[in-house]
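Open the model in a viewer and follow the stops below in order. Each stop gives a selection and then what to look for there.

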Amino acid sequence: SLTISKGAVEFKNVSFHYPESDVPVLRDLSFSVQPGETLAILGSTGSGKTSLFQLVPRLYDVTEGEVLVDGKNVMNYPIEKLRKGIGVVPQEAVLFTGSITENIGWGKEDATSDEIISAAVDAQIHETVEKLPNQYDTRVGQRGVNLSGGQKQRLSIARALVRKPKILMLDDSTSALDLKTEGKLLKALRTYSCTTFIITQKISTAMEADHILLLDDGTVEAWGTHEELLNTSPLYVKIVQS
Ligand code: GTP
Ligand code: MG
């Protein structure tokens, strides 16, 4: 089939450098994530987390190796079908001038009002929206109401959820959320049964994941569960203790 049906993701000996540079930012990454599993990606700034993300929806293409989705090289999907099955929440939430409804429904113009609200509830932004002057019709973005960083992040998550993605990729999208709100969000995400990649700085988030990938300077420093990494990775232990 030409669309993503299950959401399995595999990186096979992936290396990557940006087109304008020959410095490799990812080197020989191999790992796989089964449908519905959560992978937490940790690593210091510049270690390659965002770069890794971009290779799945083909915002960039690998320089060497393969990224497989449901066992098929991402190069072999029609790109719009591939991207349709992947919800990417970028590191910097992007809102445009328009209503809350338009911002959540962006890219899925056939979304019903129930679907928009349900995505907002799961993204933990519904209560905030209800308190705005015109609720879902409130204009945001330039010349709209001011939203906090965390509120923008959650709107951006709602935008990804409304598409019911098979693969959800959150790039540090919960950094501005308090632990309680983040906990509720992660619980709601589980009901989507999508494969989830979550870049995070928080050990509490990583602990919940099926796998943790610790990147160090573009390579896999450690792979495993929280318990496994405590026993195998001095760098992970250092992060936990910091
Ligand atoms: P943080 O978001 O700061 O935590 O870092 P990250 O782990 O997401 O790192 P990222 O993948 O953004 O960057 C990895 C390396 O790629 C760094 O050395 C960056 O300077 C470099 N890099 C990132 N974006 C670009 C780009 O568009 N062009 C080029 N040439 N290099 C880039
Ligand atoms: Mg990044």
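**Stop 1: a loop serine**

Select Ser-47, which sits in the loop between β3 (38-42) and α1. The model is a predicted one. Is Ser-47 buried or exposed? With a relative accessibility of 2%, Ser-47 is buried, because that value is under the 20% cut-off. Now show the backbone of Ser-44: the Ser-47 side chain reaches its backbone oxygen at 2.7 Å.

**Stop 2: the magnesium ion**

Select ligand 2, the magnesium ion, and display the side chains of Thr-50 and Gln-91. These residues are its protein donors, through OG1 of Thr-50 and OE1 of Gln-91, at 2.0 to 2.4 Å from the ion. Colour by secondary structure to place the two: Thr-50 belongs to helix α1 (residues 49-54), while Gln-91 is in the loop between β6 (86-89) and β7 (98-99), so the pair ties together parts 41 residues apart in sequence.

Switch on a surface for the protein chain. Thr-50 has a relative accessible area of 26% and is partly exposed. Gln-91, at 40% relative accessibility, also falls in the partly exposed class.

**Stop 3: ligand 1**

Select ligand 1 and the 13 residues around it. Which of them come nearest? They are Glu-20, Thr-45, Lys-49, Ser-51 and Gln-91. By type, the shell around ligand 1 holds two nonpolar, nine polar and two charged residues.

Three side chains are worth labelling for their distances to ligand 1:

- Thr-45: a side-chain N or O atom lies 2.5 Å from an oxygen atom of ligand 1.
- Ser-51: a side-chain N or O atom is 2.5 Å from an oxygen atom of the ligand.
- Gln-91: the distance between a side-chain N or O atom and an oxygen atom of ligand 1 is 2.7 Å.

Taken alone, ligand 1 exposes 650 Å², and the protein buries 64% of that area. Gln-91 links this stop to the previous one, as it is also a donor of the magnesium ion.

**Stop 4: helix α6**

Select residues 149-161, which form helix α6. How far does this helix reach from its first C-alpha to its last? The 13 residues of α6 reach 18 Å, close to the 18 Å expected at 1.5 Å a residue.

Next, colour α6 by accessibility. The helix is mostly covered, with 11 of its 13 residues buried. Among them are Leu-155, Ile-157 and Leu-161, and also Arg-154 and Arg-159. The buried set further includes Gly-150, Gln-151 and Gln-153.

Note on methods:
Residues numbered from 1 in each chain as written. Chains lettered and ligands numbered in written order. Predicted model: local features only at pLDDT ≥ 70, side-chain atom pairs only at ≥ 80, totals over all residues. Heavy atoms only, no water. Donors = N, O, S within 2.8 Å, 3.2 Å for Na, K, Ca; no water. Helix = DSSP H or I, 4+ residues; strand = E, 2+ residues; numbered from the N terminus. Buried < 20%, exposed > 50% of the residue type's maximum accessible area, 1.4 Å probe, protein only. Near = heavy atom within 4 Å. Polar contact = N/O pair within 3.5 Å; in protein donor to acceptor, adjacent residues only side chain to side chain. Areas by Shrake-Rupley, 256 points an atom, 1.4 Å probe, with all protein chains shown as cover. Nonpolar A, V, L, I, M, F, W, Y, C, P; charged D, E, K, R; others polar. Expected span 1.5 Å × (residues − 1).
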